[in-house]
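Work through the following exercises on charged side-chain pairs with the structure open beside the text. Each task is followed by a solution in steps.

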Amino acid sequence: MAAGNDAIDFPELDGKEVRVGIIKARWHEDITDDLVAGVKSALAECGVEAENIVESEVPGSFELPLATRFLALSGTVDVIIPIGLLIKGDTYHFEVIADTVTRGLMDVGLSTGIPVIFGVLTVNTEEQAKYRATGSNNHGVQWGKAAVEMALLRASAVGQKGRKFFLGFGAAEEVGSKDRKSTRLNSS
């Protein structure tokens, strides 16, 4: 069974017009920096322009969901990769934070329509984290390619590059006849 970056194949991805947000947690910064480098390597391989990458930081992984929501609601990116690291310790803290961050990040994607890639390593030891953040097994590479693929999928689903996806909220314009009125999203 394949593991790491060999576990999934990606099609050829054209990310020339994809706008990517990267939010990095500073906790365990040496490792999260390596993961960001892997993401950027994959984005460059997919043709994402450097000026289309928006980067920010938060103190730790617990802050990633809210920062991700702020970025998603800004309308400035097509996909977001929150990057963090959680290492299991001797207390229940790990389980609480890992579950909360995971659920929070998923909720942001589902509630905003902006794809959110799960870029948080959850490991038992620092050695496991280093193994997953360096060399040919750098998981950031997978996350970068997954981000481009999901941004392209979203653009295809929405039907138009750059169109905001409001999920039924926002400005609507009336269409229809006197007898029957319906609304549709304003595509501006």
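**Exercise 1: Arg26 and its partner**

Task: In this predicted model, determine how exposed Arg26 is, and then describe the salt bridge between Arg26 and Glu57.

Solution: Arg26 has a relative accessible area of 37%, and is therefore partly exposed. Glu57, at 42%, is partly exposed as well. The side chains of these residues, Arg26 and Glu57, form a salt bridge with an N to O distance of 3.7 Å. This pair joins distant parts of the chain, 31 residues apart, since Arg26 lies in the loop between strand E1 (20-25) and helix H1 (29-45), while Glu57 belongs to strand E2 (residues 53-58). Lys24, Glu29 and Asp33 are also linked with Arg26 and Glu57 in a network of salt bridges.

**Exercise 2: A pair between two helices**

Task: Classify Glu45 and Lys145 as buried, partly exposed or exposed, and locate their contact.

Solution: The side chains of Glu45 and Lys145 meet in a salt bridge at 3.3 Å, N to O. The pair links helix H1, which holds Glu45, to helix H5 (residues 139-158), which holds Lys145, across 100 residues of the chain. Glu45 has a relative accessible area of 56% and is exposed. Lys145, at 18% relative accessibility, counts as buried because the value is under 20%.

**Exercise 3: Lys88 and Glu95**

Task: State the N to O distance in the salt bridge of Lys88 and Glu95, and how many salt bridges the whole structure contains.

Solution: The distance between Lys88 and Glu95 is 2.2 Å, N to O. Lys88 is partly exposed at 34% relative accessibility, and Glu95 is partly exposed at 26%. A search of the whole structure finds eleven salt bridges.

Conventions. Residues numbered from 1 in each chain as written. Predicted model: local features only at pLDDT ≥ 70, side-chain atom pairs only at ≥ 80, totals over all residues. Heavy atoms only, no water. Salt bridge = Lys/Arg side-chain N within 4 Å of Asp/Glu carboxyl O. Helix = DSSP H or I, 4+ residues; strand = E, 2+ residues; numbered from the N terminus. Buried < 20%, exposed > 50% of the residue type's maximum accessible area, 1.4 Å probe, protein only.
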